[in-house]
Each structure stands twice: as structure tokens, then as C-alpha cells.
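Colleague: Before we set anything up with this model, could you take me through how its parts are packed, one point at a time?

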Amino acid sequence: MTRQPVSLTIPDLSRFARSLRGGLAQPPGQQETLNLLARAAGFRNFQHLSARQRGAPPPADAEAVARALRAFDG
């Protein structure tokens, strides 16, 4: 039988993990469950997954950086 991909969109992974843990006899902790789900999706851990969802940080304001650097010695 040919494998057929099934797409799953989860709007709140934390709530999904809590619900999943409720159906297990000896559930792992919440953070461990989140890490397992993230690894199953191809990420290193939950922190890696959530960082990818946020996207790249905005570029630094060069003027603000220059002002801040004046407060420090060379």
C-alpha cells in the first residue's frame, strides 16, 4: 500500500501536548512532551521550533547602538 501524507495543523502545541499526555498511562512531563513533538516535526527541540515560528529578529538600529556604545570604555 502506498504511503499517503496527512497534513496536521496545530494552532496551540502546548494544549495539544497536554491533551496527548492525558491519554497516556505514564506520561512524560510537559516540556519533554513538547520536545518530543518538536523532534518528530524535524526540529532539535521545542525552543528551536518556537524560534523558527517567530522568524528572524529585526535588524538593530545603528543609531541606538552607537548611542549605547558611548556609555562604555574602549
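Colleague: How are helix 1 and helix 2 oriented to each other?

Modeller: In this predicted model, helix 1 (residues 13-22) and helix 2 (residues 30-40) pack with their axes 9 Å apart and at an angle of about 110 degrees. Angles of 65 to 115 degrees count as roughly perpendicular, and the two helices are therefore, relative to each other, roughly perpendicular.

Colleague: Which residues of helix 2 meet helix 1, and how many nonpolar residues does the contact have?

Modeller: From helix 1 come Leu13, Ser14, Phe16, Ala17, Arg18, Leu20 and Arg21, and on the side of helix 2 they meet Gln30, Thr33, Leu34 and Leu37. Sorted by class, this contact of helix 1 with helix 2 has two charged residues and three polar ones, while the nonpolar residues number six.

Colleague: Which residues does Leu37 touch, leaving out those up to four places away in sequence?

Modeller: Leu37 lies in helix 2, and its C-alpha is 7.9 Å in space from that of Ala17, although the two residues are 20 apart in sequence. Ala17 is also one of the residues in contact with Leu37, and with residues up to four places away left out, the full set is Leu13, Phe16, Ala17 and Leu20.

Colleague: Which residues of helix 2 are buried, and against which helices do they pack?

Modeller: The buried residues of helix 2 are Thr33, Leu34, Asn35 and Ala38. Of these, Thr33 and Leu34 also appear among the residues that meet helix 1. The partners against which the buried residues of helix 2 pack are helix 1 and helix 3.

Colleague: Is Asn35 buried or exposed, and which residues does it touch beyond four places in sequence?

Modeller: Asn35, which lies in helix 2, has a relative accessibility of 15%, and because buried means under 20%, Asn35 counts as buried. Leaving aside residues up to four places away in sequence, the contacts of Asn35 are with Asn45 and Phe46.

Colleague: How far apart are the C-alpha atoms of Phe46 and Leu13?

Modeller: Phe46 lies in helix 3 and is partly exposed, with a relative accessible area of 24%. Beyond four places in sequence, Phe46 touches Gln31, Leu34, Asn35 and Ala38, and also Leu13. Phe46 and Leu13 are 33 residues apart along the chain, yet the separation of their C-alpha atoms is 9.7 Å.

Colleague: Which helix gives the most residues to the lining of the largest pocket?

Modeller: The largest pocket holds about 280 Å³ of space and is lined by 13 residues, with Ile10, Leu13, Leu37, Ala41 and Leu49 lying nearest its centre. By class, the lining has eleven nonpolar residues, two polar ones and no charged ones. Helix 1, helix 2 and helix 3 (46-54) each supply at least two residues of this lining, and the greatest contribution, four residues, comes from helix 3.

Colleague: Which residue with a positive phi follows helix 2?

Modeller: The backbone just after helix 2 has a phi that is positive, near 100 degrees, and the residue concerned is Gly42.

Colleague: How far apart are the C-alpha atoms of Asp73 and Ser19?

Modeller: Asp73 is found in the segment after helix 4 (62-69), and at 79% relative accessibility it counts as exposed. Along the chain, Asp73 and Ser19 are 54 residues apart, and the separation of their C-alpha atoms is 53 Å.

Technical notes: Residues numbered from 1 in each chain as written. Predicted model: local features only at pLDDT ≥ 70, side-chain atom pairs only at ≥ 80, totals over all residues. Heavy atoms only, no water. Axes fitted to C-alpha atoms, helices over the stretch in contact; angles between N-to-C directions. Parallel < 35°, antiparallel > 145°, perpendicular 65-115°, else oblique. Contact = heavy atoms within 4.5 Å. Nonpolar A, V, L, I, M, F, W, Y, C, P; charged D, E, K, R; others polar. 1 Å grid on protein atoms, 1.4 Å probe; cavity = no way out; pocket = protein on both sides within 12 Å on 5 of 7 lines; lining within 4 Å. Points joined across faces, edges and corners; volume = space filled by probe spheres on them. Buried < 20%, exposed > 50% of the residue type's maximum accessible area, 1.4 Å probe, protein only.
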